[in-house]
Amino acid sequence: QAQLVESGGGLVQAGGSLRLSCAASGRTFSRPTMGWFRQAPGKEREFVAALTWIATYAYAQDYADPVKGRFTISGDAAKNTLYLQMNSLKAEDTAMYYCAAGTSLSRATVSDRTVYNSWGQGTQGTVSS
């Protein structure tokens with residue numbers, strides 16, 4: 001039902017920026033929660049950021065501590081697209097980035113992978129130091 005396709009990954013030097021996009025189809029933007037996760041080689045998939053829609057064109061943002069102040073999550077319902085603006089990138093940000101959609105109604109659980117039931121295939125972001 002909900003199809004997610006990420007794009008915008010690439011290779012950048014430390015301190016640079018990348019803007020990831022997640023094009024959605026179906027009723028993805030009718031779901032209350034949209035998020036970004038990332039996974040580095042040999043590591044567990046970890047939470048990056050999430051949007052929880054709380055009213056018409058109103059939403060709350062949540063971020064993992066390592067990306068606070070550097071990354072910004074946003075969405076454009078008219079374009080059915082989710083974004084992740086990543087600035088001041090560090091080598092430790094190198095990972096496959098995944099877009100996800102879920103039905104959670106609580107901001108307290110946005111970092112839990114199990115609340116998301118639709119996932120994209122990922123886009124690679126590589127930061128050289």
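Five salt bridges, counted as 5 by the distance rule, occur in this structure, which is a predicted model. Side chains of opposite charge can pair when their charged atoms come close. One of these bridges joins the side chains of Glu46 and Arg38, with N and O 2.7 Å apart. The two partners fall into separate burial classes. Glu46 is partly exposed, because its relative accessibility is 39%. Arg38 is buried, because its relative accessible area is 5%.

A further bridge pairs Arg107 with Asp62, and the closest N and O atoms lie 3.0 Å apart. This pair links distant parts of the chain. Arg107 sits in the loop between β9 and β10 (116-119). Asp62 belongs to strand β6 (residues 58-63), and 45 residues separate the partners. Arg107 has a relative accessible area of 43%, so the residue is partly exposed. Asp62 has a relative accessibility of 17% and therefore counts as buried; the cut-off for that class is under 20%.

Lys68 and Asp65 also meet through their side chains in a salt bridge, at 2.9 Å from N to O. Lys68 is partly exposed, with 49% relative accessible area. Asp65 reaches 61% relative accessibility and so counts as exposed. Shared partners extend the pairing elsewhere: salt bridges join Arg38, Glu46, Arg70 and Asp93 into one network.

The search of the whole structure returned 1 disulfide. Cys22 and Cys99 form this link, and their sulfur atoms are 2.1 Å apart. The angle about the S-S bond is -75°, and the link is left-handed. Cys22 lies in strand β3 (residues 18-25) and Cys99 in strand β9, so the disulfide ties together parts that are 77 residues apart in sequence. Strand β9 spans residues 95-102. Both ends of the link are buried. Cys22 counts as buried because its relative accessibility is 0%. Cys99 is likewise buried, with a relative accessible area of 0%.

The surroundings of Cys99 were examined with its neighbours within four places in sequence left aside. Cys99 is in contact with Leu4, Glu6 and its disulfide partner Cys22. Contacts are also made by Cys99 with Met34, Gly35, Trp36 and Leu82. Ser118, Trp119 and Gly120 complete the list of contacts. Phe71 is 28 residues from Cys99 in sequence. The C-alpha atoms of Phe71 and Cys99 are 14 Å apart in space.

The largest nonpolar core has 25 residues. Trp36, Leu84 and Tyr97 have the most contacts inside this core. Several strands contribute to the core. At least two residues each come from β3, β4 (33-39), β5 (46-55), β7 (71-76), β8 (81-86) and β9. Strands β3 and β9 are also those that carry the disulfide partners Cys22 and Cys99.

Leu84 was examined in the same way, with neighbours within four places in sequence left aside. Leu84 is in contact with Leu18, Arg19 and Leu20. Trp36 and Tyr97 are also among the contacts of Leu84. Further contacts of Leu84 include Val48, Ala49, Phe71, Thr72 and Ile73. Trp36 thus appears in the contact lists of Leu84 and of Cys99. Apart from the largest core lies another core, of 8 residues. Its members include Phe37, Ala100, Val110 and Val115.

Notes: Residues numbered from 1 in each chain as written. Predicted model: local features only at pLDDT ≥ 70, side-chain atom pairs only at ≥ 80, totals over all residues. Heavy atoms only, no water. Helix = DSSP H or I, 4+ residues; strand = E, 2+ residues; numbered from the N terminus. Buried < 20%, exposed > 50% of the residue type's maximum accessible area, 1.4 Å probe, protein only. Contact = heavy atoms within 4.5 Å. Disulfide = S-S within 2.5 Å. Salt bridge = Lys/Arg side-chain N within 4 Å of Asp/Glu carboxyl O. Core = buried A, V, L, I, M, F, W, Y, C linked by side-chain atoms within 4.5 Å.
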